[in-house]
Amino acid sequence: MEADARAVVVGIGPFDAVGSDLAYIPVGVVLDDSDRALSLFFKVGYRRHATAGYQRPGQIRWPRQPSGDETAPVNTVSPPPDPRPLPVRDSRARDLVLDYADMHALVADLVLPGDASMYVMSAMETSRELIRHSYYRYEFATVAVTHSLFALEQVLAECLATNEPLHVLIERATDAGLITAGLAAELDRSRLLRDKLTQGAESSAALRPLRAVAMVRAVFDAVSLLLRPPSTAEATAADVGGAQPEGGLARLWEDHLRAPFPDGFRGVDFDGVDLVLLDADIAGLVQRELKGGLDDSGIAYLWGCIADLDKIIPLLNEEYCASYFTKLRTIAQVAAAPHLPTAT
């Protein structure tokens, strides 16, 4: 380098070298007496800045925050986003209940059997909670029914000591007198729904929540019957001395007596079942159970009424009527709980 060369700082901004993806920031050049740039110094500066300022495309260049503190970070954490919005009621469930709290009463009678395995308990509890949360997502009701079948299939396979398709297990349990024909029919409806879902013939919005409650309740009832040995049922009946089988039966019945019969459904029958007569038959059987206990013929007749309820509830397309008979079905089930159905 010539001795009389002088360093001059010029205001050259950042530029991209032709044919390169590197950005450079020259800070000065050396000029000779003729104001000719000495390329040797510029190349040195070019290489030095290429090393210090190298940055691949796509990398973020963080601006330095103004601060008198030399240890200040070059960037700050972005403020947290606004809290997630609270879930809102699915518009398709607007006619079901007034608010989410009412969903608890809808599934209150879906009681988990205490002597079930953890696998069965988990599947049944998940099914119950899916129905509860169908208030927010309508499709959860249908998913609840199909999920409950995991528990049913597991218990049936253990009780019958065989590993066969679900429809065969249901048939075997019915033939063995472990479940009633009416209950078996309801279980098979759930199985058929599951098959249609897997085949793409139905969508996850196939069921209204009230209908899903009835179908999941059938699974709960079946599992309870399958897990309760005959000796336990007999001991339960003996302990109560033929009196009220469940502490809540009287309260449930009192509540039912205050509920008016659905308008427009007097004298109406569904699939050969007269609604008024069915309501009256169950009323007489429940009162006999509360006063002194049902005899064998009364027990058999009560299970027949439950089978009729299982048949007609899916056919009821009016909200209050469906709710009325769903609650009546719960009362009948509580009255029949200590009594195993006899094989026919």
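A161 is an exposed residue, with a relative accessible area of 70%, and in this predicted model A161 occupies the loop that runs between helix 4 (140-160) and helix 5 (166-175). Although A161 is not a glycine, its backbone has a positive phi of about 55°. A second residue of this kind is D271, which also is not a glycine and also has a positive phi of about 55°; D271 is placed in the loop between strand 5 (269-270) and strand 6 (273-274). With a relative accessibility of 53%, D271 counts as exposed, because the cut-off for that class is a value over 50%.

These two loops belong to a protein chain that has 12 helices and 6 strands. Of the 344 residues in the protein chain, 38% are buried. If one considers the contacts in the protein chain between residues at least 6 apart in sequence, 66% of them join residues that are at least 24 apart.

From the loop that holds A161, the path along the chain leads into helix 5, where L166, V168, L169, I170 and A173 are buried. An α-helix has 3.6 residues a turn, so residues three or four places apart point the same way. Which helices do the buried residues of helix 5 pack against? The partners are helix 4 and helix 6. After helix 5 comes G177, whose phi is positive and lies near 75°.

Helix 6 (residues 181-199) includes L183, a residue that counts as buried because its relative accessibility is 2%, where the class requires a value under 20%. Leaving out residues up to four places away in sequence, L183 touches A218, D221, A222, L225, D310 and R329. How far apart are the C-alpha atoms of L183 and W303? The separation is 9.3 Å, although the two residues are 120 residues apart along the chain.

Two packed helices are described by the angle between their axes and the distance between the axes. For helix 6 and helix 7 (residues 209-227), the axes come within 9 Å and cross at roughly 125°, and helix 6 is therefore oblique to helix 7. The handedness of this crossing is left-handed. On the side of helix 6, the contact is made by L183, E186, L187, R189 and S190, which meet R211, A214, M215, A218, V219, D221, A222 and L225 of helix 7. Sorted by class, this contact between helix 6 and helix 7 has 8 nonpolar, 1 polar and 4 charged residues.

One of the charged residues deserves a closer look. D221 lies in helix 7, and at 9% relative accessibility D221 counts as buried. Once its neighbours within four places in sequence are left aside, D221 is in contact with L183, R329 and Q333. R329 also appears among the residues that L183 touches, and L183 and D221 each meet R329 in this way.

The position of R329 leads on to helix 12 (residues 319-336), whose axis comes within 10 Å of the axis of helix 9 (residues 249-257), the two crossing at roughly 155°. Are helix 9 and helix 12 roughly parallel or roughly antiparallel to each other? Because angles over 145 degrees count as roughly antiparallel, helix 9 and helix 12 fall into that class. Their crossing is left-handed. In this pair, L249, L252, W253 and H256 of helix 9 meet Y324, L328, I331, V334 and A335 of helix 12. By class, the contact of helix 9 with helix 12 has 8 nonpolar residues, 1 polar residue and no charged residues, whereas 4 charged residues take part in the contact of helix 6 with helix 7.

The cysteines C159 and C321 remain to be placed in terms of exposure. A disulfide is a covalent bond between the sulfur atoms of two cysteines. How many disulfides does a search of the whole structure find? The search finds 0 disulfides. With a relative accessible area of 37%, C159 is partly exposed, while C321, at 0% relative accessibility, counts as buried.

Conventions
Residues numbered from 1 in each chain as written. Predicted model: local features only at pLDDT ≥ 70, side-chain atom pairs only at ≥ 80, totals over all residues. Heavy atoms only, no water. Axes fitted to C-alpha atoms, helices over the stretch in contact; angles between N-to-C directions. Helix = DSSP H or I, 4+ residues; strand = E, 2+ residues; numbered from the N terminus. Parallel < 35°, antiparallel > 145°, perpendicular 65-115°, else oblique. Left-handed = near helix turned anticlockwise from the far one by under 90°. Contact = heavy atoms within 4.5 Å. Nonpolar A, V, L, I, M, F, W, Y, C, P; charged D, E, K, R; others polar. Buried < 20%, exposed > 50% of the residue type's maximum accessible area, 1.4 Å probe, protein only. Disulfide = S-S within 2.5 Å.
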